[in-house]
Amino acid sequence: MVWIVSLAAMLAVLFLVGRGMPLSRWPVIIVATLAVIVLVVAAEQNGWWPSSWRVR
């Protein structure tokens, strides 16, 4: 569930940021967005995420 929510949120941000970008920049934007998703989820799963930010 965490992956789905993170992915949906990042895809929404990707859409908003990428609207003004030329198509040649989209691969870079997609890779950067997926990297952020992976880092955030990995940090949360491994206990590196601040406990005050966690959803209970």
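## The exposed side of α2

On the other side of helix α2 from its buried residues, Val-28, Val-31, Leu-39 and Gln-45 are exposed. The model described here is a predicted one. The buried residues of α2 are Ile-29, Thr-33, Ile-37, Val-41 and Ala-43. These buried positions share one side of α2, because they cover an arc of only 160° around the axis.

The helix itself has 20 residues. From its first C-alpha to its last, α2 reaches 28 Å, close to the 28 Å expected at 1.5 Å a residue. Just after α2, Gly-47 takes a positive phi of about 85°.

## The chain as a whole

The chain holds two helices and zero strands. It has 56 residues, of which 14% count as buried. About 4,500 Å² of the chain is exposed, and carbon and sulfur atoms supply 74% of that area.

## A nonpolar patch on the surface

Four residues, Leu-7, Leu-11, Ile-30 and Leu-34, make a nonpolar surface patch of about 320 Å². The elements that give two or more residues to this patch are α1, which runs over residues 2-18, and α2, which runs over residues 26-45.

One member of the patch, Ile-30, has its place in helix α2. Ile-30 has a relative accessible area of 36%. That value lies between the 20% limit for buried and the 50% limit for exposed, so Ile-30 is partly exposed.

## Positions linking α1 and α2

Several pairs of residues that stand well separated in the sequence can be described by the distance between their C-alpha atoms. Ala-9 lies in helix α1 and counts as partly exposed, at 42% relative accessibility. Its C-alpha atom is separated by 9.3 Å from that of Ile-37, although the two residues are 28 residues apart along the chain. Ile-37 is one of the buried residues of α2.

Val-38 is a residue of helix α2. With 43% relative accessibility, Val-38 counts as partly exposed. Val-38 and Leu-7 are 31 residues apart in sequence, while their C-alpha atoms are 9.4 Å apart in space. Leu-7 is also among the residues that make the nonpolar patch.

Val-36 is likewise found in helix α2. Its relative accessible area is 36%, and Val-36 is therefore partly exposed. Between the C-alpha atoms of Val-36 and Ser-6 the separation is 9.6 Å, and these residues are 30 residues apart along the chain.

## Summary of α2

Helix α2 includes residues of each kind of exposure. Ile-29 and Thr-33 are among its buried residues, Val-28 and Val-31 are among those exposed on the other side, and Val-38 is partly exposed. Together with α1, helix α2 gives two or more residues to the nonpolar patch.

Definitions and conventions:
Residues are numbered from 1 along each chain as its sequence is written. This is a predicted model: local features need pLDDT of at least 70, side-chain atom pairs count only at pLDDT 80 or more; totals for chains, interfaces and linings use all residues. Side-chain values use heavy atoms; hydrogens and water are left out. Helices (H or I, at least four residues) and strands (E, at least two) are DSSP runs, numbered from the N terminus. Buried means under 20% relative accessible area, exposed over 50%, partly exposed in between (1.4 Å probe, protein chains only). Accessible areas come from the Shrake-Rupley method with a 1.4 Å probe; for residues, only the protein chains shown count as cover. Patches are made of residues with over 30% relative accessible area and no salt bridge: like charges are joined within 9 Å, nonpolar side chains (Val, Leu, Ile, Met, Phe, Trp, Tyr) within 5 Å. A salt bridge is a side-chain nitrogen of Lys or Arg within 4 Å of a carboxyl oxygen of Asp or Glu. The expected span of a helix is 1.5 Å times one less than its number of residues. The arc is that of the directions from the helix axis to the C-beta atoms.
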